[in-house]
Number of protein chains: 2
Amino acid sequence: MTGSTRPHVIIVGGGFGGLWATRALADSDVRITLIDRRNHHLFQPLLYQVATAGLSAPDIAAPLRHILRNQHNVEVRLGEVTGIDMKARTVSLADGDSESYDYLLLASGATHAYFGHDEWSADAPGLKTLDDALAIRRRLLLAFERAETCTDPIEREAWLSFAVVGGGPTGVELAGTLAEIARHTLKREFRNIDPSHAKVRLIEAGPRVLASFPESLSERARRQLHKLGVEVVTGTPVSAIDANGYTLGNTFVPARTVVWAAGVAASPLGALLGVPRDRAGRVPLEDDLSVPGHPDIFIAGDLASVQQGGKPVPGVAPAAKQMGAHVAQAIKARLAGKPAPAFRYRDFGNLATIGRMAAVVDLHGFKLSGLLAWWFWLAAHVFFLIGFRNRLIVLLNWAWSYWSYQRHARIILERDPASPSD
Amino acid sequence: MTGSTRPHVIIVGGGFGGLWATRALADSDVRITLIDRRNHHLFQPLLYQVATAGLSAPDIAAPLRHILRNQHNVEVRLGEVTGIDMKARTVSLADGDSESYDYLLLASGATHAYFGHDEWSADAPGLKTLDDALAIRRRLLLAFERAETCTDPIEREAWLSFAVVGGGPTGVELAGTLAEIARHTLKREFRNIDPSHAKVRLIEAGPRVLASFPESLSERARRQLHKLGVEVVTGTPVSAIDANGYTLGNTFVPARTVVWAAGVAASPLGALLGVPRDRAGRVPLEDDLSVPGHPDIFIAGDLASVQQGGKPVPGVAPAAKQMGAHVAQAIKARLAGKPAPAFRYRDFGNLATIGRMAAVVDLHGFKLSGLLAWWFWLAAHVFFLIGFRNRLIVLLNWAWSYWSYQRHARIILERDPASPSD
């Protein structure tokens, strides 16, 4: 608390949870330090569009400093939290520095989980960051290039065989868009292969895709995926993945490109607290979103395990925003010496896009699918994008790719940290 | 020459030279293979905008396959040429394949040259590819972040000290834009530093910046740079560069960020020919742009050493385009059994931008500088951008950043191959 007697709030993570908490504290007499490993807020719901070359990385990201430049009680700090001392109330950073806090909010989100098979990560990359998205984009585009120059027909088929593991919203979006790329975007561009012969498979271990939606919408989604050219496999888990393909039940399927959209684990920062966590690494909280026994520490977003009406609050952007805003209210209540209110999740509904003009929407029983749902999805997502410029550019990109089937970001950058020898 | 008796033209490099040659052969009864290490044509004149976060990488690049999708006599191949057998008339590729040619065009461009100091490359990256641009962008943005968290005032000053080595068009563009970022774009965003106190220095070993322009325009450029906040140092070469700074004459200057815009060397592919080359590695050519003694091998663009009226044809985009188109004509003449015409470079003038609303234009003695020159520069560059969508998006980005001083691509991606431990 150098140079100020105002209470110091440290917020770790500039995603939906952390950013919404920061903004909701704009008028409070506190000093906020927002710490993030990256310099930008990321609009994660559109990340699959960067992975599939429909959007540029900067289209869905904005520098945290820029977003918060006019909020004078906040200092943005690029850094990585490596330790939390709950007794001394300090947070230590990878660069050796440490900062003391009066209130701490952990909103560091989630990462991929490979269910004990971390060795799959090199051959089945997941999608959480912009770098992940660019690495996946590179693989998808390179697979078609490799197929084009490949003279062995069996090899060629493996390059044209794509699998997305996990039938949640991200998996459905990726598979649907990938099929669109193969069938439409790349049309006429190759001389030795027909990209529309590419096999795109979506694999879900459970009985249906989009399990968080009503069964009728899962069925709609499956039919829309089929129409787009995606083969949906349900009820069978993937039991092995390597550079040459994957094993489904007992069958090995040659496939050079596998994308992982199956598992989510809470950010490892939760482990620094030394408090009980659930199987996915999330921290069960008091009803004001504070950590049990630590009223000065809060959690928001994917790292939080919150139940409501016997059901877990889902790991979606609206929930993270609501939690972030609630934590700001709870901190204000503490500062005023009042009891903090309990968090109530307001579920506005559930939407998922499937591909060109196909989506499913569930608004408390009011169900939409197909073209109308897609327009609804588009409007909601563009509306919530941070920053006027991004909205405009994203809309223009969409209009352009809708009209032309083209995807402007089909640029292969050289680096791929997962395969440095490539 | 599998499956076809049409003459096979191999074109190496999809830059301005290679792409213009390919297009000019669209109606010829030849089979063309266009080989490039990257999947995209790059509009290099705007590369500095990607490095300085004004444009996204995909804004100035388009997939070669897409550009050429309707030209049915061309096959685009992603690959790296590793050998040329001029007797057997074959080109070998890094993937082990080889292809035979009837005519060969080398249009593989140029790379950085450190004048015998290759050890400087890690601390003073150059700007030739999109990956270079993203690496420089990352360094520029991270320098301000490091300064913000730095508690040692001397260290902090070194993070806020920037140098661009080389006063040609690229160096001038980079320095001018960097000063704009420090003075305007980052305004109000930091809490511990004032970015406008950053020192931006442009260092030119020769007597003046923009040496290819008339002296009066060099002087104008220097004054415009000064107004933007750039300190221009001429007549003094940099004698050493390391991670902590650079040495100018005998003085060591602490600076964490140095960008190299000083030297260009022709692509190493020229060495594969085993023919005489000039000091910069360029190949002197016959007046039809063929390699002396090898009428079936042509060179276009930065790898070509061509004199006209006692002066070298400059390494600029219009020259590369003209050479590419000329090589296509020469090949057509050869095929028709006629003598190939001599290449004539048509010099339409010289333009360079300096920064916000500042540029210099020299059209055969008709000179412009300042705002009018900038509008001229902008119109010319946007007009020549390949692909309608890119033009529109680039114009919109420009309008937006002109109006707001903002640069939408200020996103730090994680990887930097030059400093993997970072």
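## A walk around two matching chains

Start with both chains on screen: turning chain A by 180°, with 0.0 Å of shift along the axis, superposes it on chain B at an RMSD of 0.0 Å (a least-squares fit on C-alpha atoms of residues with pLDDT of at least 70 in both copies). The two copies are thus related as by a two-fold rotation axis. This is a predicted model, where local features need pLDDT of at least 70, side-chain atom pairs count only at pLDDT 80 or more, and totals for chains, interfaces and linings use all residues. To find your way, count residues from 1 along each chain as its sequence is written, with chains lettered from A and ligands numbered from 1 in the order written.

Now select A:S56. Its C-alpha is 3.3 Å from the rotation axis, the closest of any residue of chain A.

Next, colour the contact between the chains. Here 37 residues of chain A meet 37 of chain B (contact: C-beta atoms, placed from the backbone, within 7 Å). Which element of chain A gives the most to this side? Pick α4(A), which supplies 5 residues. The same surface serves both copies, as 100% of chain A's contact residues recur in chain B.

Last stop: residues 238-254 of chain A hold β14 and β16 at their two ends. The open sheet runs β14-β15-β16, with antiparallel pairing (strands are DSSP E runs of at least two residues, helices H or I runs of at least four, numbered from the N terminus; strands pair with at least two DSSP bridges). β14 and β16 of chain A are at the edges with a single partner strand each, so one side of each lacks a neighbour in the sheet. Zoom in on A:T247, whose bridge partner in β16(A) is A:F252.

Definitions and conventions:
Two residues are in contact if their C-beta atoms, placed from the backbone, lie within 7 Å.
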